[in-house]
Amino acid sequence: MPELPEVETTRRGIEPHLVARVITSIIIRQPKLRWLIPEHITSTYPGQQIVTVNRRGKYILLTTKNHQAISSTLLFHLGMSGSLRIVGQSDLPGRHDHVDFVLDNNKRLRFHDPRRFGSLLECPAHQPHSHHLLSQLGPEPLSDEFSGEYLYDRSRNRKLSVKNFLMDSHVVVGLGNIYAAEALFHAGIHPFREAGNISLKRYTILAQQIKKVIDYAIQQGGTTLRDFVNATGKPGYFQQQLNVYGRENQPCVQCHAPIRKLKQSQRSTWYCPRCQH
DNA sequence: CAACCGCCCTGGGAGC
DNA sequence: TGCTCCCAGGGCGGTT
């Protein structure tokens, strides 16, 4: 389940194979992802050169230019089970390999997504960030804009739980169920606590822990639970650092109390009943 | 506006 | 062994 660290790991993995390459053809085997893949990309992108591979939140933005230096941007979201990998010519597509971008060195960028919660869309040519999926996104957690003060200000008068608040991409991008639970553990904050009722002091600690956990997970190549593999098909190693996620009834690494699992907004959450309050 | 809920989808695991 | 059921989850879009 790719959250920000897994998407960034993917971006770093594919970027060196893509920049300056020309797209030869695009093969769409299954256009029905979260949204329909626009069919015209199979005719408009061949011949275009890839200029940059960027990330915004959990989205990967692939920008190209044509001979007249007019640019376009493709927007990828990996959903829950998506991956982008570089494969060779002889690497035959399997089930759920929905799209191939064939490159001028005969390698391919392959979009695989069993659950099809991912997406592949096109952005406006000159201002990709004005796309409706990007324009309302909150700050990057590793940016200076994201701070305890920011979280404190944004959460005033909000009644929802702090965990749901953190998982709202309009508040901050990139945090899913895993990293939200882990960051709250490190900050000692109970996931059910009301967002609008947490002090600036505690939000300052929380913002620091979010940055720390995201940064460290990127260094570890992300978390692999079931599906995630990086651009070369290798798993990440951050799952070895998980303190609460998926650890119900196992002892807390700090106090040895059994970790609890509860449903929160139809989603599981894990926490230490002694360390988090 | 905020909060909530349904929905999109498949694979893996548990239970029978 | 094979069936059924449940769960995992991001985030949009509609409703309250």
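**Exercise 1. Which residues are around DNA strand B?** Then sort them by type and find their polar contacts.

*Solution.* Keep in mind that we are working with a predicted model.

Step 1: Look around DNA strand B. You should find Arg95, His96, Pro114, Arg115, Arg116, Phe117, Arg158, Lys159, Leu160 and Gln266.

Step 2: Sort these residues by type. The surface near the strand is made up of five charged, three nonpolar and two polar residues.

Step 3: Turn to the DNA side. Sugar or phosphate supplies 61% of the strand B atoms within 4 Å of the protein, and bases supply the rest.

Step 4: Pick out polar contacts. In the side chain of Arg158, an N or O atom lies 2.5 Å from a phosphate oxygen of strand B. Pro114 uses its backbone instead: one of its N or O atoms there is 3.4 Å from a sugar or linking oxygen of the strand. For Arg115, a polar backbone atom is likewise 3.4 Å from a sugar or linking oxygen.

**Exercise 2. Check the length of helix 1 against the span expected for its 15 residues.**

*Solution.*

Step 1: Helix 1 covers residues 4-18.

Step 2: The expected span is 1.5 Å times one less than the number of residues, which gives 21 Å here.

Step 3: Compare this with the model, where the end C-alpha atoms are 20 Å apart, so the two agree.

Step 4: Now see which parts of the helix are covered. Its buried residues include Leu4, Val7, Ile14 and Leu18. After the helix comes Ala20, with a positive phi near 80°.

**Exercise 3. Is Asn66 buried, exposed or partly exposed?** Describe its surroundings too.

*Solution.*

Step 1: Find Asn66 in the loop that joins strand 3 (59-65) to strand 4 (71-77).

Step 2: Buried means under 20% relative accessible area and exposed means over 50%. Asn66 has 25%, so it counts as partly exposed.

Step 3: Look for its partners. A polar atom of the Asn66 side chain is 2.9 Å from the backbone nitrogen of Gln68. Gln49 is 17 residues away along the chain, yet its C-alpha atom is 6.3 Å from that of Asn66.

**Exercise 4. Why is helix 5 described as largely enclosed?**

*Solution.*

Step 1: Count the buried residues of helix 5 (residues 177-187). Ten of the eleven are buried, so the rest of the structure largely encloses the helix. Among them are Ile178, Tyr179, Leu184 and Phe185.

Step 2: Find what these buried residues pack against: helix 1, helix 4 (162-166), helix 6 (200-219) and strand 10 (267-271).

Step 3: Finish just past the helix, where Gly188 has a positive phi of about 70°.

How values were computed. Residues numbered from 1 in each chain as written. Chains lettered and ligands numbered in written order. Heavy atoms only, no water. Near = heavy atom within 4 Å. Polar contact = N/O pair within 3.5 Å; in protein donor to acceptor, adjacent residues only side chain to side chain. Nonpolar A, V, L, I, M, F, W, Y, C, P; charged D, E, K, R; others polar. Helix = DSSP H or I, 4+ residues; strand = E, 2+ residues; numbered from the N terminus. Buried < 20%, exposed > 50% of the residue type's maximum accessible area, 1.4 Å probe, protein only. Contact = heavy atoms within 4.5 Å.
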